[in-house]
Amino acid sequence: NATLTNDSELSFAVNSGDTWYVQLLLSYSGNNATGDYKCDFSFPSASGYLRYIGDNSAADALILSTGIRFAAVGSFAAAIALGADAVNTPRVFELDMMLRPTASGTVQFRFANNTAAAGRTSTTRAGSTLLARKLG
């Protein structure tokens, strides 16, 4: 299934006008070598920016974004596709985000298979952590 699904533990509540620093420390795996994991966040209408870095392939290549700005949206413009391998090797990914919601609600981490196909699995592994700090 390639439909983004809410993670049952990685979320937190926000109020309109708050400013948040968010850090995701993600351990994930998948069972397909063509990039079998994707993720994003949903949130109440907000503006901010995000940046990330992660281990993206069996060749130890990095996936890197030095900054993406967003304004008045409820999720990223596109899910972040992450590499995996055919044997569920644990991979790591770090995302930092500044978020200023214009409505109250929930900031929610979501994940799925990058591409739907029979027998594919994507796993958010134990120990993954979502840290959120209200600023100001």
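**A core built from strands**

In this predicted model, the largest nonpolar core has 28 residues, and the ones touching the most other members are Phe 41, Ile 80, Phe 93, Leu 95 and Met 97. Seven elements each give two or more residues to this core: strands S1 (5–14), S2 (19–30), S3 (37–55), S4 (62–75), S5 (80–82), S6 (91–101) and S7 (105–112). The largest share belongs to S3, which puts in 7 residues.

Two of those well-connected core residues give a feel for how things pack. Take Leu 95 to begin with. Setting aside residues up to four places away in sequence, Leu 95 touches Val 22, Gln 23, Leu 24, Phe 41, Leu 50, Arg 51, Tyr 52, Phe 76 and Ile 80. Then there is Phe 93, which sits in strand S6. With a relative accessible area of 3%, under the 20% cut-off, Phe 93 counts as buried. Once neighbours within four places are left out, the contacts of Phe 93 are Leu 24, Leu 25, Leu 26, Tyr 28, Cys 39, Tyr 52, Ile 53, Gly 54, Ile 80 and Leu 82. The chain also brings Phe 93 and Ser 27 together: they are 66 residues apart along the sequence, yet their C-alpha atoms are separated by 6.6 Å.

Aromatic rings come next. The count of aromatic pairs comes to 10. One of them joins Tyr 37 and Phe 111, with 5.7 Å centre to centre and 10 degrees between the planes, and this pair is stacked. It ties together distant parts of the chain, as Tyr 37 lies in strand S3 and Phe 111 in strand S7, 74 residues apart. Both Tyr 37 and Phe 111 are buried. Phe 111 also pairs with Phe 109: the ring centres are 6.4 Å apart and the planes meet at 15 degrees, so this pair is stacked too. Phe 109 is buried with a relative accessible area of 0%, while the value for Phe 111, also buried, is 18%. Ring pairs go on to link a whole cluster, made up of Tyr 28, Tyr 37, Phe 41, Phe 43, Phe 70, Phe 76, Phe 109 and Phe 111.

Not everything buried here is nonpolar. Gln 108, in strand S7, is buried with a relative accessible area of 10%. The side chain of Gln 108 reaches the backbone oxygen of Asp 7 at 2.8 Å. Beyond residues up to four places away in sequence, Gln 108 touches Asn 6, Asp 7, Leu 10, Ser 11, Asp 40, Phe 41 and Ser 42. Phe 41 thus turns up beside Gln 108, in the ring cluster and among the best-connected members of the core.

Stepping back to the whole chain, there are 9 strands and 0 helices, so the elements read β-β-β-β-β-β-β-β-β from the N terminus on. The radius of gyration is 15 Å, close to the 14 Å that the globule rule gives for 136 residues, so the chain is as compact as a globular protein of that length. Along the principal axes, the C-alpha atoms fill a box of roughly 45 × 25 × 25 Å.

Of the 136 residues, 44% are buried. Long-range contacts are plentiful: among contacts between residues at least 6 apart in sequence, 84% join residues at least 24 apart. As for the outside, the accessible surface comes to about 6,600 Å², and 52% of it belongs to carbon and sulfur atoms.

Key
Residues are numbered from 1 along each chain as its sequence is written. This is a predicted model: local features need pLDDT of at least 70, side-chain atom pairs count only at pLDDT 80 or more; totals for chains, interfaces and linings use all residues. Side-chain values use heavy atoms; hydrogens and water are left out. A nonpolar core is a set of buried Ala, Val, Leu, Ile, Met, Phe, Trp, Tyr and Cys residues joined through side-chain atoms within 4.5 Å. Buried means under 20% relative accessible area, exposed over 50%, partly exposed in between (1.4 Å probe, protein chains only). Helices (H or I, at least four residues) and strands (E, at least two) are DSSP runs, numbered from the N terminus. Contact means heavy atoms within 4.5 Å. Rings of Phe, Tyr and Trp (its six-membered ring) pair if their centres lie within 6.5 Å; planes under 30 degrees apart count as stacked, over 60 as edge-to-face and the rest as tilted. The radius of gyration is taken over C-alpha atoms; the globule rule is 2.2 Å times the number of residues to the power 0.38. Accessible areas come from the Shrake-Rupley method with a 1.4 Å probe; for residues, only the protein chains shown count as cover. A polar contact is a pair of N or O atoms within 3.5 Å; within protein, one must be able to donate a hydrogen and the other to accept it, and residues adjacent in sequence count only if both atoms are side-chain atoms.
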